[in-house]
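Here is a short briefing for someone meeting this structure for the first time. Start with the overall fold, then move to the surface, the pocket and the contacts between side chains.

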Amino acid sequence: MNFEALRQRVQRAELVVAVRVEKTRSSWFSLSGAWRAGWTPLRIITVGLAGGFLAGKLEPTGLGAKVQGARWLQMIGSVSNLLASTQAAFASMQASEAADTAEQAADKVDDAVDSGVPRQPPAPRAAATAAPRVDADDQRQPQPAEAATDLSER
């Protein structure tokens, strides 16, 4: 094979990989949503009771003598903590990607404002969409959410 044929083959393989990555990502999000929706409180309690029953039944037998129930519970707790920390790391990664995207959008807006793009005047509001009247007392003190935001930014 010549170089061009190999290059085209590699490009096709890269496209196939990209498509499969997207398929896998969408399948993963579907699976994780179904998994979370499937674990209702009743199912969690049922699985816990069944696991406790099995651990109690296996304890006196020969298999239970080799495998202690307390160790099983400790292992289940450790695996649970591992899964929770993995989910937290994944959520943190998604949040950082979202923050990067927001920062890039803010930079684009700043560049557009700095380059002197003329602003369009705001459209006049209709009477039905006019803001509700605010009393003078409300103007002096911020709303609870605004006050909490101001405190957290300091």
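**Overview**

Along the sequence, the protein runs α-α-α-α-α-α. It has 6 helices and 0 strands. The model is predicted. Buried residues account for 2% of its 154 residues. Two helices, H1 (3-38) and H4 (69-114), come up again below.

**Surface**

- The protein exposes about 14,100 Å². Carbon and sulfur atoms supply 62% of that area.
- A nonpolar patch of about 510 Å² lies on the surface. Its residues are Trp28, Phe29, Leu31, Phe90 and Met93.
- Which elements give two or more residues to this patch? They are helix H1 (3-38) and helix H4 (69-114).
- H1 gives the most to the patch, with 3 residues.
- Phenylalanine 90, one of the patch residues, sits in helix H4.
- Is phenylalanine 90 buried or exposed? The relative accessible area of phenylalanine 90 is 33%, so this residue counts as partly exposed. Patch residues need over 30% relative accessible area, and phenylalanine 90 has 33%.

**Largest pocket**

- The largest pocket holds about 590 Å³ of space.
- It is lined by 15 residues. Closest to the pocket centre are Trp28, Trp35, Arg36, Leu83 and Gln87.
- Which helices each supply at least two residues of the lining? H1 and H4 do.
- H4 provides the largest share of the lining, with 9 residues.
- Trp28 links two topics: Trp28 belongs to the nonpolar patch, and Trp28 is also among the residues closest to the pocket centre.
- H1 and H4 also recur: both give two or more residues to the patch, and each supplies at least two residues of the pocket lining. H1 gives the most to the patch, whereas H4 gives the largest share of the lining.

**Aromatic pair**

- The structure holds 1 aromatic pair. Tryptophan 35 and tryptophan 39 form it.
- How far apart are the two rings, centre to centre? The distance is 5.6 Å.
- The planes of the two rings make an angle of 65°. Planes over 60 degrees apart count as edge-to-face, which is why this pair gets that label.
- Tryptophan 35 has a relative accessibility of 54%, so tryptophan 35 counts as exposed. The cut-off for exposed is over 50%.
- Tryptophan 39 has a relative accessibility of 36%, so tryptophan 39 counts as partly exposed.
- Trp35 is also one of the residues closest to the centre of the largest pocket.

**Salt bridges**

- How many salt bridges does the structure hold? There are 2.
- One joins glutamate 4 to arginine 7, with the closest N and O atoms 3.4 Å apart.
- Glutamate 4 and arginine 7 are 3 residues apart in helix H1, so about one helical turn separates them.
- Glutamate 4 is partly exposed, at 39% relative accessibility. Arginine 7 is also partly exposed, with a relative accessible area of 41%.
- The other joins glutamate 22 to arginine 25. Here the closest N and O atoms are 3.0 Å apart.
- Glutamate 22 and arginine 25 both lie in helix H1. They are 3 residues apart, about one turn of the helix.
- Glutamate 22 is partly exposed, at 46% relative accessibility. Arginine 25 is partly exposed too, with a relative accessible area of 42%.

Definitions and conventions: Residues numbered from 1 in each chain as written. Predicted model: local features only at pLDDT ≥ 70, side-chain atom pairs only at ≥ 80, totals over all residues. Heavy atoms only, no water. Patch = residues over 30% accessible without salt bridge, like charges linked within 9 Å, V, L, I, M, F, W, Y side chains within 5 Å. Areas by Shrake-Rupley, 256 points an atom, 1.4 Å probe, with all protein chains shown as cover. Salt bridge = Lys/Arg side-chain N within 4 Å of Asp/Glu carboxyl O. Helix = DSSP H or I, 4+ residues; strand = E, 2+ residues; numbered from the N terminus. Buried < 20%, exposed > 50% of the residue type's maximum accessible area, 1.4 Å probe, protein only. Phe/Tyr/Trp six-rings, centres within 6.5 Å; stacked < 30°, edge-to-face > 60°. 1 Å grid on protein atoms, 1.4 Å probe; cavity = no way out; pocket = protein on both sides within 12 Å on 5 of 7 lines; lining within 4 Å. Points joined across faces, edges and corners; volume = space filled by probe spheres on them.
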